[in-house]
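Me: I should be grateful for a close look at a single part of this protein, set in the context of its surroundings.

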Amino acid sequence: MTEFWLISAPGEKTCQQTWDKLMVATTRANNLSDNNKFNIPDLKVGTLDVLVGLSDELAKLDTFVESVVKKVAQYMADVLEDSRDKVQENLLANGVDLVTYITRFQWDMAKYPIKQSLKNISEIISKQAAQIDNDLKARASAYNNLKGNLQNLERKNAGSLLTRSLADIVKKEDFVLDSEYLITMLVVVPKQVHLHQYLYIQYVVRIFMLLFEDHDSGLFSVTLFRKAIDDFKHKARENKFTVRDFQYNEEEMKADKEEMTRLSTDKKKQFGPLVRWLKVNFSEAFIAWIHIKALRVFVESVLRYGLPVNFQAMLLQPNKKNMKKLREVLSELYKHLDSSAAIIDATMDIPGLNLSQQEYYPYVYYKIDCNLLDFKV
């Protein structure tokens, strides 16, 4: 289960008592969840007006940074292509897996100094996430263009003989070149067409030589007089043969091969640095995201429970089979905090209240979902 519930409740005589009560209600008695304390440092509170405004701003920032985290994770999966089973092992935060990072969360004092105001800390995170988002767009665009160009060339060199490039099939000796009177043409013959249906044309010099075949058809060369081209094409259509529009040009074929080699080499050169960038910046974005959750818990707890700051933040990893029961136990445990919460049902449609878009409980609650790879960019 990669879903976590980050909640807070006011400290009773001590915050430890709040923690002990939760543990008794959810773990020791009925194994509803695995719980960890979620450590939030002593942040600067500021004024009530600032906290109210910041609460809305942090909600928007939370959504934005989560989207950046998911974009980076999804693009990692796209870049790794055939090695998607290795994506999860590359999605680390501060060098550890995501569950370990969240359950052992420690505020990063160096990145987000707690002497700064809450507003400044949120702006630091916002700028950092925006920079990662912009860099991702630029890097993804460059890599996708390169990858797309290479795939287009690869498609030209694969597929049906009716459409694919013939540069890697034909050789110079298959053609009569630089002749005033003769021309070599290439014909695709379906395998279900018997080869005894050769086109006996008065002006054909060299009848069908097989150059290549795949599951569906064969590629043949035929040399004829130039004045017989129209007659030859007409009879080919009658016999369900397809004449390929092809002129042997060694320079063009060499250029195509060199372009494919160049693109393939460039893709390999960019792959390693791109994966390293994605790993580093996924970690940065994910860490920023969890710090936003911490900020939201702090701000909402002060707004709900008042001053002085006295609450216990707790991280619950619900047992999937018992999520409904866990929610009931928490409601019973904390219903005294806000009696109005007991009558608010998120499924109710009350004019003027957009409750269907949010979850409200008597305790502070935010969900953290580490299942990041269902997101499509």
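Leaving aside neighbours within four places in sequence, which residues is Thr-18 in contact with?

Reply: The model is a predicted one. Thr-18 belongs to helix H1, which covers residues 15-28. Its relative accessibility is 2%, so Thr-18 counts as buried, the cut-off being under 20%. Apart from neighbours within four places in sequence, Thr-18 is in contact with Ala-9, Pro-10, Gly-11, Glu-12, Gln-312, Met-314 and Tyr-334. Among these partners, Pro-10 also takes part in a polar contact: its backbone oxygen is reached by the side chain of Thr-18 at 2.9 Å.

Several of these partners recur around Ile-7. Not counting residues up to four places away in sequence, Ile-7 touches ten residues by name: Leu-22, Gln-312, Ala-313, Met-314, Leu-316, Leu-330, Tyr-334, Tyr-363, Val-364 and Tyr-365. Gln-312, Met-314 and Tyr-334 are thus in contact with both Thr-18 and Ile-7. In the largest nonpolar core, which has 81 residues, Ile-7 and Phe-286 touch the most other members. Helix H7 gives the most to this core, contributing 19 residues. A second core of 13 residues is separate and includes Val-189, Phe-208, Leu-224 and Phe-232. As a general matter, nonpolar side chains in soluble globular proteins tend to be buried together.

Beyond H1, the chain enters the loop between H1 and strand S2 (33-37), where Asn-31 is placed. Phi of Asn-31 is positive, near 55 degrees, although the residue is not glycine. Asn-31 is partly exposed, with a relative accessible area of 44%. Most residues other than glycine have a negative phi, and most peptide bonds are trans.

Helix H7, the main contributor to the largest core, comprises 56 residues, 250-305. At 1.5 Å a residue it should span 82 Å, and its end C-alpha atoms lie 80 Å apart, which agrees. A kink of about 30 degrees is nevertheless present at Phe-271, shortly before the proline Pro-273. At the start of H7, a side-chain oxygen of Asn-249 comes to within 3.0 Å of the backbone nitrogen of Glu-252. After H7 comes Gly-306, with a positive phi near 80 degrees. The peptide bond from Leu-307 to Pro-308 is cis, with omega near -5 degrees. Pro-308 is situated in the loop between H7 and strand S9 (311-318).

Phe-232, one of the residues of the second core, lies in helix H6 (residues 229-238), where Ile-229, Phe-232 and Ala-236 are buried. Viewed down the axis of H6, the buried residues fall within an arc of 65 degrees, so they line one face of the helix. These buried residues pack against strands S5 (182-190), S7 (217-225) and S8 (242-244). On the other side of H6, Asp-230, Arg-237 and Glu-238 are exposed.

Lys-240 follows just after H6, in the loop between H6 and S8. Its phi is positive, near 65 degrees, in a residue other than glycine. With 64% relative accessibility, Lys-240 counts as exposed, the cut-off being over 50%.

Note on methods
Residues are numbered from 1 along each chain as its sequence is written. This is a predicted model: local features need pLDDT of at least 70, side-chain atom pairs count only at pLDDT 80 or more; totals for chains, interfaces and linings use all residues. Side-chain values use heavy atoms; hydrogens and water are left out. Buried means under 20% relative accessible area, exposed over 50%, partly exposed in between (1.4 Å probe, protein chains only). Helices (H or I, at least four residues) and strands (E, at least two) are DSSP runs, numbered from the N terminus. The arc is that of the directions from the helix axis to the C-beta atoms. Contact means heavy atoms within 4.5 Å. A polar contact is a pair of N or O atoms within 3.5 Å; within protein, one must be able to donate a hydrogen and the other to accept it, and residues adjacent in sequence count only if both atoms are side-chain atoms. The expected span of a helix is 1.5 Å times one less than its number of residues. The bend at a residue is the angle between axes fitted to the seven residues ending there and the seven starting there. A nonpolar core is a set of buried Ala, Val, Leu, Ile, Met, Phe, Trp, Tyr and Cys residues joined through side-chain atoms within 4.5 Å.
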